[in-house]
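Q: Could you take me through one part of this molecule slowly, the place where the ligand sits? I am new to reading structures, so a friendly tour would help.

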Amino acid sequence: MLEGKKVNLRVLGRDDYPLLMEWLNQPEIFGRYNPLHQVNMDDVGKIFTSPHELRSFIVENKEGAKVGFIDYFYVLHPASKQLEVGYSFIPSERGKGYGTEALEVMVDFVFLTQDTVRIQAQTDPRNLASQKVLQKAGFIKEGVLRKTFFIRGEWTDSWIYSVLREEWKGPRVLTA
Ligand SMILES: CC(C)(COP(=O)(O)OP(=O)(O)OC[C@H]1O[C@@H](n2cnc3c(N)ncnc32)[C@H](O)[C@@H]1OP(=O)(O)O)[C@@H](O)C(=O)NCCC(=O)NCCS
C-alpha cells in the first residue's frame, strides 16, 4: 500500500476485476476525451496482465472508498525504460485533489523503484482537468502527437507531457 495524505494506492488484484469491469463499461469514468470500452471479465484479466508490465493501483480515499485507478506501463518494451501513466476517477469524487495526489504518489513510487529517467503521460488537448493535474504533479508539456486515438468516431491528437528524474527533486508525498 502506498500512503498519501488524501489517498492510498493499493495494487490491483483479481478481487478488483468485477469493480474494474463495472467501471470500464461506464463511459463517464473515462470522460469525453478517452476511448469507450465495453469489456467482459476475460478482457479485464487480459488488460491487467498486459505484456507491457502494466502495474495498476486502485485509489482509495482515507475512508476506504474506491475512488479511481491509476497505472503505469512501459511504452514499448520494459527494456525501453520509457514509462507512461494513466488515471481515471469516478465522477462523484473528482475535484477533491485525489487525482493530483495519486499522480504525485505514482511519480514518487516510480522514481524510487524504477531505473527510468522519464515518466510520460498523454492527454487530449481539450482535457483541461487532466492537464491541470499533470502540471500540478510537475509534468511539462513536450508537444503534440498527431491523430493518436480514435475517440467517438474521430482520430484525435494528444498532448504529450513528461517529468524527468532531474526535475522531480525527491519525493513529494511518499517517504523514501
Ligand atoms: C482528469 C481527472 C483524473 C482529474 O482528477 P481529479 O481528482 O478531479 O483532480 P484534482 O481534484 O486533483 O484536480 C483537478 C484540477 O482540475 C481543475 N479542473 C477540473 N475541471 C476543469 C476544467 N474543465 N477546466 C479547467 N480546470 C479544471 C480543478 O479545478 C482542479 O484544479 P485546482 O485544484 O487548481 O482547483 C478526472 O477529471 C478524471 O478522471 N477524468 C476522466 C478520465 C480522464 O480524463 N483521465 C485522464 C486521461 S489523460
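**Around the ligand**

A: Let's begin with one contact: a polar side-chain atom of Asn-34 lies 3.4 Å from an oxygen atom of the ligand. Keep in mind as we go that this is a predicted model. Thr-100 also offers a polar side-chain atom, and that one is 2.6 Å from an oxygen atom of the ligand. With Gly-99, look at the backbone instead: a polar backbone atom there is 2.9 Å from an oxygen atom of the ligand. How much of the ligand does the protein bury? Taken alone, the ligand exposes 960 Å², and the protein buries 72% of that.

Now step back to the space itself. The ligand takes up the largest pocket. Several elements give two or more residues to the shell around the ligand: helices H2 (27-30), H4 (98-113) and H5 (128-136), together with strands S5 (83-89) and S6 (118-123). H5 provides the largest share of that shell, with six residues.

Who are the neighbours? In total, 22 residues surround the ligand. Gly-95, Gly-97, Thr-100, Asn-127 and Lys-136 are the closest, and you have already met Thr-100 through its polar side-chain atom, 2.6 Å from a ligand oxygen. Sorted by class, the shell holds 10 polar, eight nonpolar and four charged residues. As you turn the model, try finding H5 and its six shell residues, then look for the side chain of Asn-34 pointing a polar atom to within 3.4 Å of a ligand oxygen.

Notes
Residues are numbered from 1 along each chain as its sequence is written. This is a predicted model: local features need pLDDT of at least 70, side-chain atom pairs count only at pLDDT 80 or more; totals for chains, interfaces and linings use all residues. Side-chain values use heavy atoms; hydrogens and water are left out. A residue is near a molecule or strand if one of its heavy atoms lies within 4 Å of it. A polar contact is a pair of N or O atoms within 3.5 Å; within protein, one must be able to donate a hydrogen and the other to accept it, and residues adjacent in sequence count only if both atoms are side-chain atoms. Accessible areas come from the Shrake-Rupley method with a 1.4 Å probe; for residues, only the protein chains shown count as cover. On a 1 Å grid over the protein atoms alone, a cavity is a set of points where a 1.4 Å probe fits but cannot get out, and a pocket is an open set with protein on both sides within 12 Å along at least five of seven lines; lining residues have an atom within 4 Å of a point. A molecule sits in a cavity or pocket if more than half of its atoms lie within 2 Å of its grid points. Helices (H or I, at least four residues) and strands (E, at least two) are DSSP runs, numbered from the N terminus. Ala, Val, Leu, Ile, Met, Phe, Trp, Tyr, Cys and Pro count as nonpolar, Asp, Glu, Lys and Arg as charged, and the others, Gly among them, as polar.
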